[in-house]
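Got the viewer open? Here is a short tour, stop by stop, with something to select at each one.

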Amino acid sequence: MGIAAALLAVFAGIFIYAGIYNIAGDDPHSKPVYWVLEKLRNQSIAARARGIAVPADLGSATRISTGAGLYTEMCSGCHLGPGVERSEMSQGLYPQAPELARDGQRLSPAEQFWIIKHGVKLSAMPAWGRTHPDPLIWDMVAFVRKLPGMPAEEYKRIIASAPADHDEMMKEMPGMAAKPGAK
């Protein structure tokens, strides 16, 4: 058993230090590697989202409207929206960010909250919880839950009716100093 472990360690060392595995974003993972990473991500999110209490007012118009404004500024560049064309950034991501309006709801609200708050390593999904309080993250979840199947006209209407711009929403948040020249 000790010899097998030593050989495995030597092989792993050679594999890592020789740079054998190509981690370029334009060269997809092999099917086994992708399966392992996807399973690891899904199980990790599910385990950490257990016990997160979903607000009773998650479907409220106010949450959805505020979430729409946040989504437009922070999420639509990667995750797009109904009628939104793929951006240069969204095309260059690997793994590709899910198109939330198209891909449906396979995650619970608690799982969506956890992802938005904590981000996902090696996926370009930032940890918005470092700069945004939980109530605003729940607003984003509220909007994301409405996206699947939303017609482009409704998306435009909700975005247009969103409250103040992002900087205005964030100015009162702890640690968010006013930008030079901001009112």
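Before the first selection, one term: two rings of Phe, Tyr or Trp (for Trp, its six-membered ring) count as a pair if their centres lie within 6.5 Å. By that rule, the structure holds five aromatic pairs. Keep in mind as you click around that this is a predicted model.

**Stop 1: a ring pair**

Select Phe15 and Tyr21 and show their side chains. Their ring centres sit 6.4 Å from each other, with 45 degrees between the planes, and the pair is classed as tilted. Now add Phe11 to the selection: ring pairs join Phe11, Phe15 and Tyr21 into a cluster. Are Phe15 and Tyr21 buried, exposed or something in between? Phe15 has a relative accessibility of 31%, so it goes down as partly exposed. Tyr21 is partly exposed too, at 28%.

**Stop 2: the whole fold**

Zoom out and switch to cartoon. You'll find nine helices and zero strands, so to speak an α-only run from the N terminus on. Of the 183 residues, 31% are buried. Turn on the surface and you are looking at about 11,700 Å² of exposed area, with carbon and sulfur atoms supplying 61% of it. As for contacts with a separation of 6 or more, 66% are between residues 24 or more positions apart.

**Stop 3: a helix crossing**

Colour H3 (residues 61-74) and H7 (residues 134-146). At what angle do H3 and H7 pack? The angle is about 90 degrees, and the axes are 7 Å apart. H3 and H7 are therefore roughly perpendicular to each other. The residues of this contact comprise 12 nonpolar, two polar and three charged ones.

To see who touches whom, show side chains on both helices. From H3, the contact residues include Ile64, Leu70, Tyr71 and Met74. On the H7 side, look for Leu136, Trp138, Met140 and Phe143, among others.

**Stop 4: an enclosed helix**

Next, select H6, residues 109-118. Eight of its 10 residues are buried, so H6 is largely enclosed by the rest of the structure. Which residues of H6 are the buried ones? They are Pro109, Ala110, Glu111, Gln112, Phe113, Trp114, Ile115 and Ile116. Bring up H2 (31-49) along with H7, since the buried residues of H6 pack against these two helices.

Finish by stepping just past the end of H6 to Gly119, where phi is positive, at about 70 degrees.

Note on methods. Residues are numbered from 1 along each chain as its sequence is written. This is a predicted model: local features need pLDDT of at least 70, side-chain atom pairs count only at pLDDT 80 or more; totals for chains, interfaces and linings use all residues. Side-chain values use heavy atoms; hydrogens and water are left out. Helices (H or I, at least four residues) and strands (E, at least two) are DSSP runs, numbered from the N terminus. Buried means under 20% relative accessible area, exposed over 50%, partly exposed in between (1.4 Å probe, protein chains only). Contact means heavy atoms within 4.5 Å. Accessible areas come from the Shrake-Rupley method with a 1.4 Å probe; for residues, only the protein chains shown count as cover. Axes are lines fitted to C-alpha atoms, for helices over the stretch in contact, and angles run from 0 to 180 degrees between N-to-C directions. Angles under 35 degrees count as roughly parallel, over 145 as roughly antiparallel, 65 to 115 as roughly perpendicular and the rest as oblique. Ala, Val, Leu, Ile, Met, Phe, Trp, Tyr, Cys and Pro count as nonpolar, Asp, Glu, Lys and Arg as charged, and the others, Gly among them, as polar. Rings of Phe, Tyr and Trp (its six-membered ring) pair if their centres lie within 6.5 Å; planes under 30 degrees apart count as stacked, over 60 as edge-to-face and the rest as tilted.
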